[in-house]
Amino acid sequence: GLAPERVLGHNGAVLQGDLAGERLTALTGLDGLKLAAAAALYLLVVRRVPLEDLGVKARFDAPAALGMALAVLVERRMLGPQLVVCPVSVLTNWRSEISRFAPVLQVKVLGMSGREELVKDLSAGEVLLTSYGLLQSESELLSSVNFATAVLDEAHIIKNMATKTSKASMQLNARFRIALTG
């Protein structure tokens with residue numbers, strides 16, 4: 001099979017990372033992260049390389065999925081504001097991982113006050129982090145924004161289409177959507 005720690009990227013740059021491991025690292029910083037994610041997606045989708053051949057047992061683990069989502073957010077940052085919806089329990093983790101691995105992104109957190117002003121002032125290069133609870137309660141406000149990208153972490157939360165949370169997620173205006181499940 002393929003060695004997951006060595007993936008050839010754009011222009012032959014050799015990236016180092018373990019697609020199923022704890023960290024996805026690259027020789028070329030953020031560009032490397034973007035290229036590693038693109039290379040992995042290329043292998044999976046275009047070449048149809050089985051996950052097992054990439055060193056992944058049944059599915060991508062959380063760090064690899066997070067790394068790919070961050071790479072997409074970085075790549076699409078200038079197309080408009082972006083949204084990450086996740087359970088409250090992992091919101092702090094998203095914030096710290098974006099700061100650590102994608103510092104070019106400005107993080108805004110939808111909190112207890114000033115929500116309307118915060119959402120209306122979003123611009124390209126910014127990522128709005130929010131919980132599924134606030135997605136549901138602020139559905140009208142969030143659906144008024146044209147997001148370049150929307151990432152739904154722990155997307156099994158919206159699998160029941162009859163729930164208010166699922167309906168709120170379907171009302172989001174986003175040109176590109178990513179659903180992460182575990």
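## Salt bridges and a parallel sheet

Arg115 is buried, at 17% relative accessible area. Buried means under 20%, exposed over 50%, and partly exposed in between (1.4 Å probe, protein chains only). This is a predicted model: local features need pLDDT of at least 70, side-chain atom pairs count only at pLDDT 80 or more, and totals for chains, interfaces and linings use all residues. Residues are numbered from 1 along each chain as its sequence is written, and side-chain values use heavy atoms, leaving out hydrogens and water.

The whole structure holds two salt bridges. Each needs a side-chain nitrogen of Lys or Arg within 4 Å of a carboxyl oxygen of Asp or Glu.

| Acid | Base | Closest N and O atoms |
|---|---|---|
| Glu138 | Arg115 | 2.8 Å |
| Glu126 | Lys108 | 3.7 Å |

Glu126 lies in strand β5 and Lys108 in strand β4, 18 residues apart. Helices (H or I, at least four residues) and strands (E, at least two) are DSSP runs, numbered from the N terminus. Glu126 is buried at 8% relative accessibility. Lys108 is partly exposed at 27%. Glu138 is buried too, with a relative accessible area of 18%.

Now the sheet. Five strands form an open, parallel sheet, ordered β4-β5-β3-β6-β7. Strands β4 (106-109) and β7 (173-179) are the edges, each pairing on one side only. Pairing requires at least two DSSP bridges between two strands. Six bridges join β6 (residues 146-152) to β7. One partnership there is Asn146 with Asn173 of β7. Helix α3 (residues 88-101) packs on the sheet, touching β3 (82-86), β4, β5 (126-131) and β6. Contact means heavy atoms within 4.5 Å.

Notes. Axes fitted to C-alpha atoms, helices over the stretch in contact; angles between N-to-C directions.
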